[in-house]
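Got your viewer open and a cup of something warm beside you? Load the model, and we'll walk through it one selection at a time.

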Amino acid sequence: MKRKTKLIHGGIPIDPHTGAVSVPIYQVSTYKQDDIGVHKGYEYSRTGNPTRHALEQYIADLEEGARGFAFSSGMAAIHAVFSLFNSGDHIILTDDVYGGTYRIATKVLSRLGLSSTFVDTTDLDEIEKAVKPNTKALFVETPTNPLLKVTDIAAVSGWAKSRKLLFIVDNTFSTPYWQTPIALGADIVLHSATKYLGGHSDVVAGLAVVSSGKLGEELHFIQNATGGVLGPHDSWLLIRGLKTLGLRMEAHEHNAREIVSFLSGHPVVKNIYYPGLESHPQHELAKQQARGFGGIISFDVGSSQKASEVIKKLKYFTLAESLGAVESLISVPAKMTHASIPKERREELGITDGLIRISAGIEDSEDLVEDLAQSFNINEI
Ligand SMILES: *Cc1c(COP(=O)(O)O)cnc(C)c1O
């Protein structure tokens, strides 16, 4: 099955109980048992719900994994996966991971005795240097936010296997439409489904997919024990959003390319970060491990004042956190998503005050480029 077909026919596309061509919203908490312990596979909706189950099968299929799990947010999914570890364990993470991942690792899990080290995972030597006797896992985000750094999933996965480390990939930016880390050797894939998978800025959700039945049992135990599950209505919205993932991702990428070609060579723009650019340090790798470069672009306009001047004049780019939705969004990471990271550390990573991040929506690219052009010109006067 090819990718767009799988988006329509993958998982459980038809309700097995009624034949409905959209699995209904099973708005229910508990299920009648025919005899004590005799039931149709569902006992209580924290443990399992038919709508959530349809979503979980769907994402497992899309990510080419053994089993999927739906959570109430991306952070709930990440927390559940981190709950597979024990006090005293150590985890290595990508240095510019999502701020919430940095926060849970350094401010929550650290209190429970789980330690972490952040390294540039584009460099295998750096990862190797961070290994300790108690290291149990490697958590990689690729491409990263907001600098779009790309880690070699297959190479790192081979290395992690030789070290017997669990290899976890946050695939939020690429989505299974462009990139399937489990097929490249990852053990667990995570998503903030709030972003591209939902795609319409109307759901907060998280998904996890594991590569084996054994990991599936372990994560289901955690999901049921900790209880951060996605409700049936949000599960249904996510299924609905996912049907058009292919069409949307193609449109996001088309618009991103048009925006990048406008930004390239514009005097206001200092640096552009986009894996589709030949000048991107991991361009060849990105081309090889993913089927597309995605819809996120970051660029530097030199100062926070310049950034805010540009943003004020825009009509079609909504100033907001988040990304991956049908409408174009714009943000200044240093002041918004990454404000909790100390300025020194931000500068070290390259997240300067003049850095702007765009999440290209699916509007007509001509309008988006025209909008950017007028905002840039006014600032040059
Ligand atoms: C947004 C995001 C998360 C967190 O997901 P929520 O749904 O906001 O809890 C995790 N990882 C990445 C890469 C994200 O962009």
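Here is a tour that starts with the domains and then visits some individual side chains.

**Before you click**

This is a predicted model, where local features need pLDDT of at least 70 and side-chain atom pairs count only at pLDDT 80 or more, while totals for chains, interfaces and linings use all residues. Residues are numbered from 1 along each chain as its sequence is written, and side-chain values use heavy atoms, with hydrogens and water left out.

**Stop 1: colour the two domains**

Select residues 3-240 for domain 1 and give 246-376, domain 2, another colour. These bounds come from an automatic or database domain assignment. Taken over C-alpha atoms, the centres of the two domains are 26 Å apart. Domain 1 puts 35 residues into the contact and domain 2 puts in 36; contact here means heavy atoms within 4.5 Å.

How much area is buried between domain 1 and domain 2? It comes to about 3200 Å², with carbon and sulfur atoms giving 60%. Buried area is the accessible area (1.4 Å probe) that two parts lose on being put together, summed over both. Now show Leu-147, Trp-178 and Tyr-196 as sticks: they supply 28% of the area that domain 1 buries against domain 2, more than any other three residues.

What holds hands across this interface? The count of salt bridges between domain 1 and domain 2 is 0. A salt bridge is a side-chain nitrogen of Lys or Arg within 4 Å of a carboxyl oxygen of Asp or Glu. Polar contacts are another story: 16 residue pairs make them across the interface, both residues at pLDDT 80 or more. A polar contact is a pair of N or O atoms within 3.5 Å; within protein, one must be able to donate a hydrogen and the other to accept it, and residues adjacent in sequence count only if both atoms are side-chain atoms.

Stay on the domain 1 side and pick out α1 (3-9), α6 and α7 (175-178), the elements that give two or more residues to the side touching domain 2. The largest share, 4 residues, comes from α7. Helices (H or I, at least four residues) and strands (E, at least two) are DSSP runs, numbered from the N terminus.

**Stop 2: a shared network**

Time for the salt bridges, 16 by the rule used here. Begin with Arg-346 and Asp-353, whose closest N and O atoms are 3.9 Å apart in a salt bridge. Then select Asp-95, Asp-96, Asp-120 and Lys-149, which are joined into one network by salt bridges that share partners.

Zoom in on Lys-149, in the loop between β4 (135-141) and α6 (153-162). Is Lys-149 buried or exposed? Lys-149 is buried, with a relative accessible area of 18%. Buried means under 20% relative accessible area, exposed over 50%, and partly exposed in between (1.4 Å probe, protein chains only). The side chain of Lys-149 also makes a polar contact with the side chain of Asp-95, at 3.1 Å. Leaving aside neighbours within four places in sequence, Lys-149 is in contact with residues including Thr-122, Pro-143 and Gln-282.

**Stop 3: two helix pairs**

Select Glu-253 and Arg-257, whose side chains meet in a salt bridge (3.2 Å, N to O). They sit 4 residues apart in helix α10 (residues 245-263), so about one helical turn separates them. Glu-253 is buried at 8% relative accessible area, whereas Arg-257 is partly exposed at 41%.

Next, try Lys-343 and Glu-347, a salt bridge at 3.8 Å, N to O. Both lie in helix α13 (residues 343-349), 4 residues apart, about one turn of the helix. Lys-343 is partly exposed at 44% relative accessibility, and Glu-347 is partly exposed at 41%.

**Stop 4: two loop residues**

Go to Thr-337, in the loop between β11 (329-331) and α13. Thr-337 is buried, with a relative accessible area of 18%, and its side chain makes a polar contact with the side chain of His-338 (2.8 Å).

Finish at Leu-197, in the loop between β6 (188-192) and β7 (206-210). At 1% relative accessibility, Leu-197 is buried. Leaving aside neighbours within four places in sequence, its contacts include Ile-59, His-191, Leu-238 and Arg-248. For a last distance, draw a line from Leu-197 to Arg-240: they are 43 residues apart in sequence and 9.6 Å apart in space, C-alpha to C-alpha.
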